[in-house]
Amino acid sequence: MKAIIRKLITVVDETLSEQGQTVSPPVRRAAAIAVIANPFAGKYQEDLTELIGIGEELGGLLAERAVAALGIPGGKIESYGKAAAVGENGELEHAAAILHPKLGAPFRKVLGKGAALIPSSKKRGGMGVVLDIPLGHKDAAFVRSHFDGMEIRVNDAPRADEIVVAIAVTTGGRPLPRVGGLKVSEIKGEDGLR
Amino acid sequence: MPEVKVRKYLVSIEDVFHEGGPIAKDPQRRGAILAVIENPFAGAYHAEIESFMDDLRPLGLDMAKKLLAAMGGDPKSIEGYGKGAIVGGAGELEHAALWHAPGGYAMRDVLGGAKAIVPSTKKVGGPGTRLDVPITHINASYVRSHFDAIEVGVPDAPRSNEIVVALVMTTGPRVHARAGGLKASEIKGEDGLR
């Protein structure tokens, strides 16, 4: 284990109704979150390889925990996203090093597939900062019903020398989608877009 | 008995490995379950509200079971608990008090007859309101190592006509507990206090 983990958190929400309408089946979304030490807090570090490795490690670990929390096979996941919040002694680029180069491959391996770009967001902030993890369909980024976001926060993280790393997976899109666009039934699933 | 209308559930599980000190062999697990329910009394003063407590009993039991399952499923592993409620703006604080009996007794049932009073807190607030749910040892309120709290909340709840009800559990003391007081090993377990 490369990352020094202080906390692991999973959050599952389940929406049964919206505006008086029954959501059937209920939409469930899971976020898995790690609070880790930032090895480069408080200094400028040119080579971010260590964080890239941590990202690879967390991609698998967090995906496994999030999918397990939903209690379904990885292949049944419909949409996904990722995000990171860097504590005040770190740098936005540290979040980028964790999220972008190597986190995706082990994440997709847990899901079996995942042709689409994993939507992401990042920020620097203090303890309790809110992260809105963007969500998109895992095989076709243009599926409009699955554009969504999941808000997470850890009240005591990130401390100044920490990073909060989060991924999210779902069993479906928004509760009552009705703004048209590409439908799940129309996915070709070749280019990750449509 | 009117059915309680649940819009959403949220389950959060947190494993704490350290907080700057030695890394725990067995991380402390802290869990919360929240249900966003319709407040049948929103918008008007109702003199008689007590019967809603009976309506809440099945929900309380269901939530306690779900939380225990998310915590790993073993009732013997649970050492701390607490409960709380957030009432939306068209309700009153008294509505939160209806959660005391159904929430508390449900957890005691599921945990096999815990002796200590279930500590609680409540407030009126808008969507995204955070609540610090207090935690004490399930058999002896004075056990100092188990005084704890979990911050909970739902980004889009409670709406004005809703109530968020919460149950929380922990598997052990604070991760680096060292502030003295009554120890879990010293519990007599007769009066729920010591």
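**Exercise 1. The A–B contact**

Work out how many residues each chain puts into the contact, and which strand of chain A gives the most.

*Solution.* Keep in mind that this is a predicted model. Start with the head count: chain A supplies 15 residues and chain B supplies 16 residues. Next, look at who contributes on the chain A side: strand S1 (residues 5–18) gives the most, with 13 residues. Now sort that side of chain A by character, and you get 6 nonpolar, 4 polar and 5 charged residues. Finally, check the pairing: S1(A) and strand S1 (residues 6–16) of chain B run antiparallel, joined by 9 bridges. For one position to click on, try Val12(A), which sits opposite Val11(B).

**Exercise 2. Strand S5 of chain B**

Explain why strand S5 (residues 131–137) of chain B counts as largely enclosed, then find its partners.

*Solution.* Count first: 5 of the 7 residues of S5(B) are buried, so the rest of the structure largely encloses the strand. Then take the partners in turn. S3(B) runs antiparallel to S5(B), with 2 bridges, and here Tyr81(B) has Thr136(B) as its bridge partner. Strand S6 (residues 148–152) of chain B also pairs antiparallel with S5(B), over 5 bridges; in this pairing, Ile135(B) stands opposite Asp148(B).

**Exercise 3. Helix H3 of chain B**

List the buried residues of helix H3 (residues 100–110) of chain B, and say what covers them.

*Solution.* The buried ones are Pro102(B), Gly103(B), Gly104(B), Ala106(B), Met107(B) and Val110(B). Their cover includes helix H1 (51–70), strand S3 (80–87) and strand S7 (162–170) of chain B. Last step, look past the helix: Gly112(B) follows H3(B) and has a positive phi, near 80°.

How values were computed: Residues numbered from 1 in each chain as written. Chains lettered and ligands numbered in written order. Predicted model: local features only at pLDDT ≥ 70, side-chain atom pairs only at ≥ 80, totals over all residues. Buried ≥ 20, exposed ≤ 12 C-beta atoms within 10 Å, placed from the backbone. Helix = DSSP H or I, 4+ residues; strand = E, 2+ residues; numbered from the N terminus. Contact = placed C-beta atoms within 7 Å. Nonpolar A, V, L, I, M, F, W, Y, C, P; charged D, E, K, R; others polar. Pairing = 2+ DSSP bridges.
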